[in-house]
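Please open the structure in a viewer and keep a selection tool at hand. The stops below each name what to select and what is then to be found.

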Amino acid sequence: MMLSRRFFLASVSSLALVPRAFAAAPAEPFERAMVTAMARDLASRAYAPRPSVPEPWQALTYEQYRSIRFRIDHGLWAGTETPFSVDFFAPGLYFPRAVQVEAVESGMTRPVAFEMDMFDTGPEVPPLPADEALGFSGLRLRTEMHRPGETDEFCVFQGASYFRAIGLGEAYGLSARGLALKTGDPMGEEFPDFIRFWLERPEPGQRTMVVHALMDSPSVTGAYRFEVTAGEDTVMEVEATLFAREDVDHVGFGPLTSMFLYDATDRTRFDDFRPAVHDSNGLMIRNGAGEVIWRPLANPRALQISSFVDENPRGFGLMQRARDFADFADLEAHYHRRPGLWVKPHGDWGKGAVTLVEIPADQEIYDNIVAYWRPATPYAAGSEISLAYRLTWGEEPHRTPLPRVIRTAMGEKTFGEGRLVVIDFEASPLFDDADTLEPIVQSPHAQIAPPVLQRNPDTGGMRLAFSFVPGEVPLVELRAQLRHDKEPASEVWLYRWTA
């Protein structure tokens, strides 16, 4: 897994005044089909890693790299009538291979030149070799969102095929990726790279920006188009054409990457003043049959992979449902402001499984949660795969009529044997006649004590409590749901307890 996750993202800046200069190279015609043709051509040839940037860039320390900050007034299209501007990140340290960026205007594309005067550097930064062909490690999008005349950043592409975004008033948290390959496999994961970007210049008044990306890896190449709209929720329409360079039997579409250290389900390993530490606290799935599933995340003692078999899923995502400051009591990380991210497939994705990978972690600097759609059918070398989906980044990017699980807690049973589980469901009109609700709790691995259902006066919703005795089994799968007249009256709650 890729473990570095803090990429020094500044939050807000005033509108810049100086437009960014282009490279001396002449402009050339551009159309989307060119990126697809490049990906197809790459797949027809043996994989060749890009050259690394000069060694002095790679040798930068964490503090040195962090002190190289982009000058906002040098942003692409800054100070013009274009409603978006673009910042760039320097290469080096965690990003030893640069990406090339081009700007597309009126159907013509031209490279954006690297210039050292784009950046302010701290006194500790040594002299670094640079020319206009050096390239960048990534880019950051800005637009006016809620403060007239000023811009806010809302989207970043940086590192492998990673990118992240936020809605209005949120703080960066989980990431998405272009593609996941061999995640959790014993022989190791493969990380495709976005190696080149094309940025279409928006017209004045336009609220959507288009980003094209060329992806390369030993197994797969790809051409991506992102249509990005900033707002209360940031929405991305993603279209991709993939080309299998080799046989691919473990691929992940719409992959999401996040961090979960602990919460009230299990904090026995962490002596910390905060009640919880996580970017996301649950996986939500709306499967092909319309069933709504909530799976609280875990930080297991050993790697664990869960597969939720399905056909033509309606959507899935990693959510941050803990939204109050008191849930974390962290004045710096602002975990209560981290966005959730929902993946909505366009078209039929066929048979496969929403796959959740949970990796043991002992610090919050590590991304240890991955979720993606894994197709059931492998792809042979030479295959061409087209897919499209929508990504929505926001506080609650997908809602259903069913009451949500808003808290899961777990611990030793105070009196008697076993573990006690407490699940809080949010307030809902479906709970007005609580006497008609039926709690259904099941497990194939452990005996479940009769559940108790009560109204929670603090939330106005219902609290379901039950206990189970795991005995000597290493894991226990648990399932719970509230029903009314045999119809769903809540999400399905799933959990895997491990010894």
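Select Gln320 in this predicted model and display its surroundings. Apart from residues up to four places away in sequence, Gln320 touches His278, Asp279, Ser280, Asn281, Phe328, Tyr335, Arg338, Pro339, Gly340 and Glu395. Gln320 belongs to the loop between β23 (315-319) and β24 (340-346). Because its relative accessibility is 0%, Gln320 counts as buried. For a polar contact, follow the side chain of Gln320 to the backbone oxygen of Asp279, which it reaches at 3.5 Å.

Remain in the loop between β23 and β24 and select His336. With which residues is His336 in contact, leaving aside its neighbours within four places in sequence? They are Ala322, Arg323, Asp324, Phe325 and Phe328. His336 has a relative accessibility of 15% and therefore counts as buried, the limit for that class being under 20%. Now add Ala165 to the selection: Ala165 and His336 are 171 residues apart along the chain, and their C-alpha atoms are separated by 16 Å.

Next, display the second largest pocket, which holds about 500 Å³ of space. Of its 19 lining residues, Asn281, Ala322, Asp327, Ile406 and Arg407 are the closest to the centre of the pocket. Two elements, β21 (292-296) and β28 (405-412), give two or more residues to this lining. Which of the elements gives the most to the lining of the second largest pocket? It is β28, with 4 residues. Two residues of this stop recall the earlier ones: Asn281 is among the residues that Gln320 touches, and Ala322 is among those in contact with His336.

Turn from the pocket to enclosed space. Rolling a probe the size of a water molecule over the atoms shows where empty space is left. How many cavities of 30 Å³ or more does a search of the whole structure find? The search finds 4. The largest cavity contains about 50 Å³ of space. To outline this cavity, select its lining residues Leu179, Val220, Leu242, Ala244, Val248, Val251, Phe253, Tyr379 and Ile385. The elements β16 and β17 (251-258) each give two or more residues to that lining.

Now select helix α1, residues 32-43. At 1.5 Å a residue, the 12 residues of this helix should span 16 Å, and its end C-alpha atoms are 18 Å apart, which agrees. Colour the buried residues of α1, namely Val35, Thr36, Ala39, Leu42 and Ala43. These residues cover an arc of only 125° around the axis, so they lie on the same side of α1. Where do the buried residues of α1 pack? Their partners are β13 (193-200), β14 (208-216), β15 (220-229) and β16 (234-244). Strand β16 was also met at the largest cavity, where it is one of the elements that give two or more residues to the lining.

Move on to Val86 in strand β4, residues 84-89. Val86 has 0% relative accessibility and therefore counts as buried. Beyond its neighbours within four places in sequence, Val86 is in contact with Phe70, Gly75, Leu76, Trp77, Leu139, Arg140, Leu141, Leu199 and Met209. For a view across the model, add Ser383: the C-alpha atoms of Val86 and Ser383 are 35 Å apart in space, and the two residues are 297 apart in sequence.

Two stops concern backbone angles. Most residues other than glycine have a negative phi. Select Ala160, which is not a glycine but has a positive phi of about 50°. Ala160 is in the loop between β9 (150-158) and β10 (162-165). Is Ala160 buried or exposed? Its relative accessible area is 18%, so Ala160 is buried. Then select Lys486, another residue other than glycine with a positive phi, here near 70°. Lys486 is located in the loop between β34 (475-484) and β35 (487-488), and at 74% relative accessibility Lys486 counts as exposed.

Finish at Ala289, in the loop between β20 (282-286) and β21. With a relative accessibility of 71%, Ala289 counts as exposed. Adding Pro91 gives a last distance to display: the C-alpha atoms of Ala289 and Pro91 are separated by 46 Å, with their positions 198 residues apart along the chain.

How values were computed: Residues are numbered from 1 along each chain as its sequence is written. This is a predicted model: local features need pLDDT of at least 70, side-chain atom pairs count only at pLDDT 80 or more; totals for chains, interfaces and linings use all residues. Side-chain values use heavy atoms; hydrogens and water are left out. The expected span of a helix is 1.5 Å times one less than its number of residues. Buried means under 20% relative accessible area, exposed over 50%, partly exposed in between (1.4 Å probe, protein chains only). The arc is that of the directions from the helix axis to the C-beta atoms. Contact means heavy atoms within 4.5 Å. A polar contact is a pair of N or O atoms within 3.5 Å; within protein, one must be able to donate a hydrogen and the other to accept it, and residues adjacent in sequence count only if both atoms are side-chain atoms. On a 1 Å grid over the protein atoms alone, a cavity is a set of points where a 1.4 Å probe fits but cannot get out, and a pocket is an open set with protein on both sides within 12 Å along at least five of seven lines; lining residues have an atom within 4 Å of a point. Grid points are joined across faces, edges and corners, and a volume is the space filled by probe spheres set on the points.
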